[in-house]
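User: I'd like a close look at one part of this protein: the nonpolar core and whatever sits around it. Can you walk me through that in one go?

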Amino acid sequence: MAAKKVNTIKLKFESARNLAPAPESKSVAKIEERYELFINGKFEKPSSKKYFDTINPANEEKLSSVADANATDVNKAVVAARNAYEKVWKKTSPKERAKYIYRIARMIQERARELAVIETLDGGKPIRESRDFDVPTAANHFFYYAGWADKLEYAFPNRSPQPLGVAGQIIPWNFPLLMAAWKIAPALATGNTIVLKPAETTSLTALKLAEIIQEADLPPGVVNIITGAGSTGAAIVNHPDINKIAFTGSTDVGKIIQKAIAGSNKKATLELGGKAANIIFDDAPLDQAVEGVINGIFFNQGHVCCAGSRLFVQESVYKVVLQKLKDRIESLIVGDPLDKNTDIGAINSKQQLEVINKYLKIGQQEGAEMFQSSCAIPKKGFYCRPTIFTNVAQSNRIAQEEIFGPVLAIQTFRTEDEVIEKANNTPFGLSAGVWTDKGSKIFNMTSKIRAGVIWANTYNKFDPTSPFGGYKESGYGREGGLHGLGAYLKL
Ligand code: NAP
Ligand code: MG
C-alpha cells in the first residue's frame, strides 16, 4: 500500500515539473532607462553625477540605471523634508493626511500588476508572491494607517500624541515595496515627513512608488526617495537634522547604526535578522506541517527575515516527516520568476548566492548531511536548489547563523523542555512556528520561546493590524498595528 502511494506522488511531482511555461507578460512594466532622485516632489539628477545598474537576477540583464545619492543629495532631501514638515505637513489636518494616504493605497491597487511584474523583474521573487502577497499587502498597510491618521487620540488616550519630525528610513531587498509601505504609511499617518532609501539591488518599485506619490499630489518634500548604496544609508543615519531612524536589514548594519546614533536624540526602530525555529510535535497534522515548513523556508528563496530556517521534529515522527519533506522538495519548481508555476525564483544577487553557497560548504564540512532537489536550474541568472541538512548539531554554523537562502537545518527532540531550550539557543528572536494538535502545548511554547512572532499551525501570515518585531539580536521596536504608530510619536 505504502509503496503504491509513494509512486503516485512521484508521478504527480514529475507532471508538475512538466507543466507548460505560463509567463506573466512584461508589457505592463514601464521601466525608464534611467531613474533620478525623488526630492521635494521632483525627480532630480544626483549631484554625484553617478548612476549604478540594476539588473534582473533571473537572467543577469540590465533593467535600468539608478542615481547614486551622495551626502549632498541626502542633505537636500533632509532639508526638503524639514521644510515640508514645518511649513505644511505638521499643519495639515489629520483628516487631510488620511485622504492622501488612502489615495496612495488606491493607486497601488490600480497599478498592482505593473508593480508586481517590476518587483519580480528587479528582485527575482516569483510573480505568484509579488502578485498575491507583496503588492496587496503593501496597499493594505496604506489603507490601514489611513484609517488611524485622524484617530490618534483614541489610539493613545490622554497622551496628546505629537509627530517626531523627519524620519530617515532604510530598507532591505527582500520585500522592497512592502518594506517601503511598512515604513511610509505609519510615518505619514502620524504627521512625520520622510527620507527613504531602498536597497541598491531593488530600487525600482520604490521609485514607482515615488511616481505614485507625485501623482497623488502629496505636498512636495513630505516623502523623498533617494537611491544609493550603504554609504547613502550611512549619510542618512548620520545627518544631524533627522529625528528618527527606521531600519530593516542585517544585524551587522543594525549594530553600526546603533553605535552611530548613540548619544544623539534620534529615536530608532531596528528590524534585523532571524533564525526561526519551526517545531513539529508528533500529534501535529503532518502534511499540513510539512507544507507550512516548505512555505516557511523555500518559497521566496528563503529571502525572509522570519524564514523558518531551523526545523525541530519530535523523534517519533522524524522519519516520516523527513520523507514527506524530501518528496515535497522534489516537486518544487525552481526557475523563471515571471512564470506563474514557479515556486522558487532567482536569488536576489550574485553576492547573496555566494553567501548561500559558502554556507552549503560549511554545513558539509561541519559534518551535516546535505540533501538537494534533483531539479535542473537555469544556466544564466542566480539560482539555488532547495536544500535540507540533517545530522545537524546545535553548535553548527548552519544552525546558528542567518543564511537567507532556501536552506533548512533539521534537528530532532524528545520533550517540550528540550525543544524550548534548543529553539532559544540562538542570538536571534524574531519568529517561530509550532505545529501540534494540543492548545496547551501551543501556550507553553508561545510563553517560553523568545521570539517576537510565533505562528501556531500556520506560518508567514501577515496582517497590517498585527505588530511585528524581534527580541535579542533581531532588533527592537515594533512595526504594524497600533505599536507601529507609537514608534513615530512623542507620547
Ligand atoms: P543590509 O545589508 O543590512 O542592508 C539593509 C539596508 O541598509 C540597505 O538599504 C543597505 O544599502 C543599507 N546599508 C548598508 N550599509 C549601511 C550603513 N552602514 N548604514 C546605513 N545603511 C546601510 O541587509 P540586506 O542584505 O539588504 O537585507 C537582508 C537582511 O535584512 C537580513 O539579515 C534579514 O533578516 C533582514 N531583514 C529583516 C527584516 C525584519 O523585519 N526584521 C525584514 C526583512 C529583512 P545597500 O543595499 O545599498 O547596501
Ligand atoms: Mg535588481
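Analyst: Here is a walk through the core, then the domains, and then a few single residues.

Keep in mind that this is a predicted model. The largest nonpolar core has 106 residues, and I184 and L188 are the ones with the most contacts inside it. Helix α7, residues 176-189, gives the most to this core, with 11 residues. Where does the core lie relative to the domains? Both domain 1 (26-272 + 474-490) and domain 2 (277-456) give residues to it, so the core lies between them. As a general backdrop, nonpolar side chains in soluble globular proteins tend to be buried together.

For a feel of the packing around I184, look at its contacts beyond four places in sequence: F142, Q169, I194, L196, L209, V223 and I225. There is also another core, apart from the one just described, with 24 residues. Among them are V166, I226, I236 and A268.

Now the domains themselves. The chain is divided into domain 1, which covers 26-272 plus 474-490, and domain 2, which covers 277-456. Taken over C-alpha atoms, their centres are 30 Å apart. At the contact, 26 residues of domain 1 meet 29 residues of domain 2.

Next, a helix pair. Helix α4 (residues 112-123) packs against helix α8 (residues 204-215) at an angle of about 155°, and their axes are 9 Å apart. That makes α4 roughly antiparallel to α8, because angles over 145 degrees count that way. On the α4 side the contact uses E114, L115, I118, E119 and D122, while α8 brings L204, T205, K208 and I212. Sorted by class, that contact has 4 nonpolar, 1 polar and 4 charged residues. So if you want to inspect the side chains, these nine names are no plain greasy stripe: the charged class has 4 residues, and so does the nonpolar class.

Over to some buried positions. I329 is in helix α12, residues 318-331, and at 0% relative accessibility I329 counts as buried. Leaving out residues up to four places away in sequence, I329 touches R17, I294, F298, F371, S373, P386 and I388. For a sense of scale, I329 and V66 are 263 residues apart in sequence and 37 Å apart in space, C-alpha to C-alpha.

V407 is found in strand β16 (residues 407-413). With a relative accessibility of 3%, V407 is buried too. Its contacts outside the four-place window are I297, F298, S309, I356, L360, T387 and F389. F298 is thus a contact of V407 and also a contact of I329, which is handy if you want to trace a path from one to the other. G308 is 99 residues away from V407 along the chain, with 9.5 Å between the two C-alpha atoms.

Q314 is a buried residue with a polar side chain: it sits in strand β13, residues 310-314, and has a relative accessible area of 11%. Beyond its sequence neighbours up to four places away, Q314 touches I280, F281, D282, F413 and R414.

L164 is in the loop between β6 and β7 (166-170), yet at 10% relative accessibility L164 counts as buried, since the cut-off is under 20%. What does L164 touch, leaving aside its neighbours within four places in sequence? The contacts are Y85, N192, N243, K244, K267, A487, Y488, L489 and K490. N243 is 79 residues from L164 along the chain, but the C-alpha atoms are separated by 6.2 Å.

Finally, two backbone oddities. Most residues other than glycine have a negative phi. K49 has a positive phi of about 60° although it is not a glycine. K49 is in the loop between β3 (42-44) and β4 (51-56), and with 71% relative accessibility it counts as exposed. N158 also has a positive phi, near 60°, and is not a glycine. N158 lies in the loop between α6 (152-155) and β6 (162-163), and is exposed, with a relative accessible area of 83%.

Notes
Residues numbered from 1 in each chain as written. Chains lettered and ligands numbered in written order. Predicted model: local features only at pLDDT ≥ 70, side-chain atom pairs only at ≥ 80, totals over all residues. Heavy atoms only, no water. Axes fitted to C-alpha atoms, helices over the stretch in contact; angles between N-to-C directions. Helix = DSSP H or I, 4+ residues; strand = E, 2+ residues; numbered from the N terminus. Parallel < 35°, antiparallel > 145°, perpendicular 65-115°, else oblique. Contact = heavy atoms within 4.5 Å. Nonpolar A, V, L, I, M, F, W, Y, C, P; charged D, E, K, R; others polar. Core = buried A, V, L, I, M, F, W, Y, C linked by side-chain atoms within 4.5 Å. Buried < 20%, exposed > 50% of the residue type's maximum accessible area, 1.4 Å probe, protein only. Domains from an automatic or database assignment.
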